[in-house]
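Here's a quick tour for anyone meeting this structure for the first time. Have a look at it below, then read on.

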Amino acid sequence: MVTKRKAATSSKSANKNNKNAATKRSARSALSVGTNTRRTAKERIAALAEAPLAVCESDKDLQAMLNVLRNQDEPVEVRLAALKSLQAASFSVIAFESCRGDYLATLRQVAEDPNPELRQRALGLLARKKDGFAQKKLLEGLKNPDKALVPPEKALQLLSYDVHAEAYSAARAIVNKPPNDDARREALRLLAADASAAPLFEKLLLDKNELREIRQIAASALHALKPEKLQEHAREILLDKSDYDDIKATSLTALTQFGDEALGKDKALLKSVDRFSVGKALSKYKQSARRFLSKYGQ
Amino acid sequence: MQNATTVSAQSEPQFAALVDAIAADPDRRGQLTDLLREDHPFYHERGAATIVRMRGWVLLAIARTGVSDAALIFVLEELDTGIDAYLVAAAARALRSYPHPTENLAPFVMRALATIRYRDEPVSFENYGEYAVSSTGTTPVRELLATLAWLGPHARGVLRELESLRARSSGLPRKLRIDIDRAVQAIRGADQVEELGSDTCCTPPGGPRNTAYWPLNSRCGVETIEAAVFEDHQGDLVTFKEFFRGQPSIVVFFYTRCGNPMKCSLTVTKLARIQKLLEAQGLADRIHTAAITYDPAFDLPERLHVYGRDRGVRMNARHRLLRATDGMDLLCAHFKLGVNFIESLVNRHRVEAYILDVEGRVAVSFERIHLDEQQIVTRAIEVLKEKESCSRIRAQRID
């Protein structure tokens, strides 16, 4: 019996090994197709999608893949496929350990590539790793638009991955003199982690002429930075029939989380929230209202 | 020291030129160590990545001129808690210029290797602020392996650990095999092993100094900070005097947005372990503990509470997580904190813990390298006994 079980186990493990070996073999052959310049772009893109497992198998394979990525003579779509494949491979942190250095160095090269999409993708990957090189380039671009590698709104978005990225003053400058609406919005999103920006968000929240999206960002930011300030204004927002549902929902969350028992005695407020909970608002907003009522309502 | 505003307004190239000038002048080299202090005005209002470039350049200057005993703690700190590839590589290189390689340096190098191996990346030491865009240069792992080779037989305590890095499955990448082999060979250095014996003759007494003790009569007063108001994890207000006077306290500093798991998160986790040790000895009611945030504008009570809870910190009236409601200036001055800021956000800080005596004065400080929970509790008990012996003396005088 024991012998049978052993045999079964060993056959299972042999099958598994064979399967793994076969997968690796096919990944390697995919990689050789993907890096072969004589194949069509379509064939190469399809092959590169299957290659991540083989990327770190040998230094030669890795270098071939990195060459595709950095070679400006290669078709852009093939280079993007190589980048995608490398990115997928990098998720296996341990297997990718030997490739990491070359990969990062190549990403830094591609971050200044003439192709804007590749540039943006490479900067995005580096920024997520809080890479100092990428942050420096992005900040330089915000201060000097002639040097910008990506549009300002994208630069701000990428810098916001790292709260320590020294981006607050650049974001403030953009809020004061925005090159476009998207850049202003992203600058405000970034400043939502800056404790000293609370007065700015309070002003934006109370400005009914402000864009709805901006007021929503302001409400969320205030909720995170100075919840007591949002509470102060939440009641007025909830009583105002003309205000937006999403801003009301954020106000409700603030009151539900941080409000005191006196709210249960505020009949006008309760009535208004009750109306909101059964009105035309989206169900997720109505849910916020119900949560509030279950805490403070009768 | 130069005027703080002038200093912080200097550009990075100006700073780099200054560092080079100091390094070139044998009479001023001691100032390089001073430039590694986190609270140096040079680091005021700079971003974290800028500070990495600046400190890295100082470490590289020290690597050229030689690490002094005073600078050693900064180098070891980077190896112990650093997670930035450039700084760890620079520190590893700097350590090789220390004139007294000893066996107690090896664990720092090995710890750095374990931390940085999955963050390894090419670094460039050629010019100030340069980032590597090819993998031909050095990396922190390569620098650390070279430092182990430099330590030679002094690193025999970590030899087994190093050899395990050659393993196929869990080891370092194949391309580093030559560097590992070189280090292993140097450590084995068979002929010298027997001669080494105890090699602590040239180490600063007690190893690298991360602890300072102030005798009773030399402690700074608390007049300037007594009235400082804190808000705790529950939103309750308490003054410095109310919380810290009347019994000894163990105080650590942290902030919830710290991105280095080897610093704040670990420090607060260790505070939880310290609390357990105090509890086991029946001292949880006689010695207070506090974790004070460097980032009071952002670390509101709710955030403090969740951060402490997630790390197993016991929180009640005697054990609190605190934020200073009037900002950090008073605290920085009183504790001489190793921290700097860009606006209200921390841009760099050291690991630091303090034991306050019964008057709230700093009696013992622990800084930069890993906090030993048992050591902190032992020293806190000594400070507690100070209180008892003082009371006894006072009672005898009355008799």
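A residue is called buried here if 20 or more other C-beta atoms lie within 10 Å of its own. By that yardstick, buried residues make up 46% of the 399 residues in chain B. Keep in mind as you go that this is a predicted model.

Let's stay with chain B, which has 16 helices and 10 strands. Look at its contacts between residues with a separation of 6 or more, and you'll find that 73% of them join residues 24 or more positions apart.

**The sheet**

Eight of the strands in chain B form an open sheet with mixed pairing, in the order S1-S10-S9-S4-S5-S6-S2-S3. Why do strand S1 (211–213) and strand S3 (237–239) of chain B each have one side left without a neighbour in the sheet? They stand at the edges, each with a single partner strand, so there's nothing in the sheet on the other side. From one strand to the next, the twist averages 25 degrees.

Now zoom in on one pair: S2 (residues 229–232) and S6 (residues 319–324) of chain B run antiparallel and are joined over three bridges. Here B:Glu231 sits opposite B:Arg323 of S6(B).

Two helices of chain B lie against this sheet, and the table sets them next to each other.

| Helix (chain B) | Strands involved (chain B) | Angle |
|---|---|---|
| H13 (residues 261–280) | lies across S4 (249–254), S5 (288–293) and S6 | about 160 degrees to S4(B) |
| H14 (residues 301–310) | touches S2, S5 and S6 | about 145 degrees with S6(B) |

**A covered helix**

Next stop is helix H6 (residues 85–95) of chain B: is it mostly covered or mostly open? It's mostly covered, with 11 of its 11 residues buried. Among them are B:Tyr86, B:Leu87 and B:Arg93. The cover over the buried residues of H6(B) includes helices H4 (48–65), H5 (69–81), H7 (106–116) and H8 (140–151) of chain B.

**Meeting chain A**

Finally, where chains B and A touch, the contact takes 28 residues from chain B and 22 residues from chain A. On the chain B side, H4 and strand S8 (345–349) each supply at least two residues. Which element gives the largest share of that side? That's H4(B), with four residues. As for the mix of residues on the side of chain B that touches chain A, there are 13 nonpolar, eight polar and seven charged.

So H4(B) turns up twice on this tour: in the cover over H6(B), and in the side of chain B that touches chain A.

Definitions and conventions
Residues are numbered from 1 along each chain as its sequence is written. Chains are lettered from A and ligands numbered from 1 in the order in which they are written. This is a predicted model: local features need pLDDT of at least 70, side-chain atom pairs count only at pLDDT 80 or more; totals for chains, interfaces and linings use all residues. Two strands pair if DSSP finds at least two bridges between them. Axes are lines fitted to C-alpha atoms, for helices over the stretch in contact, and angles run from 0 to 180 degrees between N-to-C directions. Two residues are in contact if their C-beta atoms, placed from the backbone, lie within 7 Å. A residue is buried if 20 or more other C-beta atoms lie within 10 Å of its own, exposed if 12 or fewer, and partly exposed in between; C-beta atoms are placed from the backbone. Ala, Val, Leu, Ile, Met, Phe, Trp, Tyr, Cys and Pro count as nonpolar, Asp, Glu, Lys and Arg as charged, and the others, Gly among them, as polar.
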